[in-house]
Amino acid sequence: MSKEIRENFGSKIGAVLAAAGSAVGLGNIWRFPIETGQNGGAAFIIVYILCVAILGLPIMISEFIIGRHTHTNTAGAYRKLAPGTQWKWVGRLGVLSGFIILSYYSVVAGWTAEYTKLSIYNSFDGKTATDFPAIFTNFVSNPWKPLIWMLLFMIVTHIIVIRGVKGGIEKFSKIMMPALFIIMMVLAICSISLPGASQGLEFLLKPDFSKINGSTILSAMGQAFFSLSLGLGCLCTYASYFRSDTNIGKTALNVSIIDTFVAIMSGFIIFPAVFNAGYTLNSNDIGPSLLFITLPNVFQQAFGNIPLLSYIVSILFYLLLVVAALTSTISMHEVVTAYLSEEFNLSRHKAALMVTAACSTIGIFCSLSFGPLNGIQLFGMSIFDLFDYISSNIFLPVGGMFIAIFTGWYLDKQIVKNEISNNGTLRIHYLKLVIFVLRYIAPIAIAIILLNQLGIFKFF
Ligand code: PHE
């Protein structure tokens with residue numbers, strides 16, 4: 001253990017906002033609308049909400065129990081709870097996932113910063129639909145610009161992480177999360193009040209179940225894990241800073257509700273504006289291009305007759321993305337920093353520096369995979385897509401499955417009970433249900449979905 005004194009979050013609301021800050025990120029505003037668009041709109045949302053309720057919530061409670069009980073980083077937590085066993089690999093897989101996700105996530109985070117700058121400079125003014133693909137392609141394929149933004153994003157993340165849990169992560173989340181909600185509300189109201197918005201709302205709210213198949217369900221599950229920051233010990237690490245009076249079940253419920261609400265809200269912002277601008281969503285509009293090609297153009301057209309409004313909406317939207325991304329990169333960074341510092345007895349500063357340097361190096365390759373390295377394909381995917389696929393569709397669900405098995409089968413049930421009830425001071429009625437889901441439902445459901453998708457065993 002590091003000799004530095006271990007901090008806690010200063011308040012319960014600080015803990016909720018920090019965990020929600022981790023969960024709410026590009027996953028909600030970038031990945032969720034893309035997945036929804038590709039997988040049949042409202043039908044996907046229903047499957048997604050089921051994944052959050054049935055798998056996400058119990059696994060989040062597990063992570064909270066493991067973290068708060070051990071008060072240590074995610075790999076150390078398994079070492080403490082299951083000494084001399086192989087369970088430590090679940091924690092280590094989590095640290096690896098955090099490391100990989102941070103590396104490619106910060107690339108897109110950097111793009112959001114560039115687009116905020118372009119919005120502030122009013123660079124989208126007067127541009128037409130044909131200009132935006134070129135603006136985006138020129139930017140991402142430029143060998144330097146995206147790299148510089150990615151590095152800058154990493155440095156800001158680094159600075160907040162080294163300021164510690166209370167003075168850095170908590171303080172930042174307490175300011176940024178309310179700001180994020182206000183921006184979202186303003187944008188949603190603007191978008192919903194556009195003429196033709198109803199088509200966008202219909203797309204979001206009217207389910208077409210013929211679109212649901214094995215890969216939709218895998219995508220919904222992967223998205224739920226990614227969006228809730230589950231399966232990699234991120235929330236386990238944050239829970240290690242929870243105070244003893246934090247209500248674990250309530251915190252998990254709040255975080256899941258906030259995260260799902262923000263994801264759906266971002267659909268309310270994006271789709272009415274997209275349909276208003278006369279777009280019919282096809283596969284070219286979804287993918288990273290939705291946020292960086294379609295939307296800047298949509299904002300110009302939708303609010304074009306009031307130029308000041310389109311100017312402000314663009315700035316707010318990209319700023320929203322920057323804020324959401326930053327509270328998430330901080331949490332991934334913290335997973336790896338806490339691991340290195342506590343397991344290898346390094347100072348937080350040194351550990352954080354190693355994480356920043358290593359992730360930036362890998363981030364460079366991810367970033368260049370949109371430009372000079374775009375010819376390099378591994379398993380038919382670019383470096384960026386491969387990292388995204390492996391981490392969110394495989395590592396996180398596998399991590400989540402083992403976390404469920406660990407808490408459901410291995411962990412002493414007295415520990416589970418004491419943590420959920422704060423040593424008997426809270427009356428809880430859902431203990432048996434959570435344990436049942438963790439023992440049977442979550443592992444079996446995740447295994448079926450994974451085996452099916454990887455083609456190892458076809459169930460449906
Ligand atoms: N949950 C974050 C998002 O939705 C991404 C994330 C994944 C953050 C894993 C931390 C850990 O963008």
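A cavity is a set of grid points where a 1.4 Å probe fits among the protein atoms but cannot get out, and a molecule sits in it if more than half of its atoms lie within 2 Å of those points. The legends below describe a predicted model.

**View 1. The ligand in its cavity.** The largest cavity holds the ligand. Helices H1 (12–23), H2 (26–38), H10 (214–227) and H14 (307–343) are the elements that each give two or more residues to the shell around the ligand.

**View 2. Residues surrounding the ligand.** The ligand is surrounded by 15 residues. Ala23, Gly27, Tyr105, Phe226 and Ser229 are the closest of these. By residue class, the shell divides into seven nonpolar and eight polar residues, with no charged residue.

**View 3. Backbone contacts of the ligand.** Polar backbone atoms approach the ligand at serine 22, alanine 23 and serine 227. An oxygen atom of the ligand lies 2.9 Å from a backbone N or O atom of alanine 23. A nitrogen atom of the ligand is 3.0 Å from a polar backbone atom of serine 227, and a separation of 3.2 Å is found between a ligand nitrogen atom and a polar backbone atom of serine 22. The ligand exposes 320 Å² when taken alone, and the protein buries 100% of that area.

**View 4. Glutamate 419 and its side-chain partner.** Glutamate 419 belongs to helix H17, which spans residues 413–420. Because its relative accessibility is 10% and buried means under 20%, glutamate 419 counts as buried. The side chain of glutamate 419 forms a polar contact of 2.7 Å with the side chain of arginine 68.

How values were computed. Residues numbered from 1 in each chain as written. Predicted model: local features only at pLDDT ≥ 70, side-chain atom pairs only at ≥ 80, totals over all residues. Heavy atoms only, no water. Near = heavy atom within 4 Å. Polar contact = N/O pair within 3.5 Å; in protein donor to acceptor, adjacent residues only side chain to side chain. Areas by Shrake-Rupley, 256 points an atom, 1.4 Å probe, with all protein chains shown as cover. 1 Å grid on protein atoms, 1.4 Å probe; cavity = no way out; pocket = protein on both sides within 12 Å on 5 of 7 lines; lining within 4 Å. Helix = DSSP H or I, 4+ residues; strand = E, 2+ residues; numbered from the N terminus. Nonpolar A, V, L, I, M, F, W, Y, C, P; charged D, E, K, R; others polar. Buried < 20%, exposed > 50% of the residue type's maximum accessible area, 1.4 Å probe, protein only.
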